[in-house]
Amino acid sequence: MKIPEEIAGQVATAVRTIATTASSHLGTDCIWHALACQHLLTREGIDDVRLVAGYAAWRVDGQDPGAVVCHHREGSAVAAGTGGFLFHAWVSCGGQVFDATTYQFRQKLAALDAADGGRTRVTWCPDYLLVDRKDCKPWRSVRDGLRPGLFCYVAVPAIVAQVTDHPDTQLDAEAIALLEFVNDRAKANGPLLVFGPNGVAATA
């Protein structure tokens, strides 16, 4: 069963609402987003939803050469000795890619601009992305592209195994209950105003 656009929007709204109000690692919490989406989609009766990890990149403007959000080994580097490695996580269903983190593009580039004094244009920042895998572009096409909305997703089995085998790659009972509650309200067209420890409010 494919993920319907309506359910994708509903699930993305619920996940985004909780993340923006309560995530302590907003912008680096792709695993949580993927796990949350996987749980809610499975609860909606959609089979074969898998957590995927690997490399990804997105072109967010067609005029600014540097307007690329990059989680790809060919476009970014991780400082030696940090113990970290570069990757992104999302979910797949058959030939579909579903990513509920894309609303964070402006925040991610603003953080980079603050560090290097840049001023990156962002003209494409969708709330979520539900696309066919066949529409993914090679990394260099995203890097050198002349239009916004180009994206690259490359699953890497070794990274998938490392992520899924990690003990933190799970949702606790409290997170599941909150996700299901907010998702049900989003499904019923809410509105539900959520306040969290991040000091912001979001509507589901």
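This report walks through a helix, a buried strand, a buried aspartate and the salt bridges of the structure above. The model is a predicted one.

**Helix H2 and what covers it**

A good place to begin is helix H2, which runs over residues 30–43 and has 14 residues. From its first C-alpha to its last it reaches 20 Å, close to the 20 Å expected at 1.5 Å a residue. The buried residues in H2 are Cys30, His33, Ala34, Leu35, Ala36, Cys37, Leu40 and Leu41. Their cover includes two helices, H1 (5–22) and H6 (173–187), together with strands S1 (49–59), S3 (88–93) and S4 (96–99). After H2 comes Gly45, with a positive phi near 90°.

**Strand S3, covered on both faces**

One of the strands that cover H2 is S3, and it deserves a visit of its own. How many of the six residues of S3 are buried? Six of the six are, so S3 is largely enclosed by the rest of the structure. On one side you will find His88, Trp90 and Ser92, and on the other Ala89, Val91 and Cys93, all of them buried.

S3 has pairing partners too. It runs antiparallel to S1, and six bridges join the two strands. Within this pairing, Ala53 has Ala89 of S3 as its bridge partner. S3 also pairs with S4 in the antiparallel sense, over three bridges. Here Cys93 has Gln96 of S4 as its bridge partner. S3 and S4 form a hairpin with two residues between the strands, where Gly94 takes a positive phi near 60°.

**Asp64 and Asp61 in the loop after S1**

Next, look at the loop between S1 and strand S2 (68–71), where Asp64 has its place. Asp64 is buried yet has no salt bridge. The nearest side chain of opposite charge is that of Arg121, 5.9 Å away. A salt bridge needs the charged atoms within 4 Å, so Arg121 is too far from Asp64 at 5.9 Å. The side chain of Asp64 does reach the backbone nitrogen of Arg121, at 3.2 Å. Beyond its neighbours within four places in sequence, Asp64 is in contact with Arg59, Arg119, Thr120 and Arg121.

Which residue does the side chain of Arg121 meet in a salt bridge? The partner is Asp61, at 3.2 Å, N to O. Asp61 lies in the loop between S1 and S2, and Arg121 in the loop between helix H3 (105–116) and strand S5 (129–132), so the pair ties together parts that are 60 residues apart in sequence. Asp61 is buried, with a relative accessible area of 2%, whereas Arg121 is partly exposed at 39%.

**Salt bridges across the structure**

Side chains of opposite charge can pair when their charged atoms come close. A search of the whole structure finds seven salt bridges. Three pairs, including the one just described, are set out here with their N to O distances.

| Acidic residue | Basic residue | Distance, N to O |
|---|---|---|
| Asp61 | Arg121 | 3.2 Å |
| Asp132 | Lys134 | 3.9 Å |
| Asp144 | Arg143 | 2.9 Å |

Asp132 counts as partly exposed at 26% relative accessibility, while Lys134 is exposed, with a relative accessible area of 69%. Asp144 is partly exposed at 46%, and Arg143 also counts as partly exposed, at 35%. Finally, Arg43, Glu180 and Asp184 are linked in a network of salt bridges.

Definitions and conventions: Residues numbered from 1 in each chain as written. Predicted model: local features only at pLDDT ≥ 70, side-chain atom pairs only at ≥ 80, totals over all residues. Heavy atoms only, no water. Helix = DSSP H or I, 4+ residues; strand = E, 2+ residues; numbered from the N terminus. Expected span 1.5 Å × (residues − 1). Buried < 20%, exposed > 50% of the residue type's maximum accessible area, 1.4 Å probe, protein only. Contact = heavy atoms within 4.5 Å. Lys, Arg positive; Asp, Glu negative; His and termini not counted. Polar contact = N/O pair within 3.5 Å; in protein donor to acceptor, adjacent residues only side chain to side chain. Pairing = 2+ DSSP bridges.
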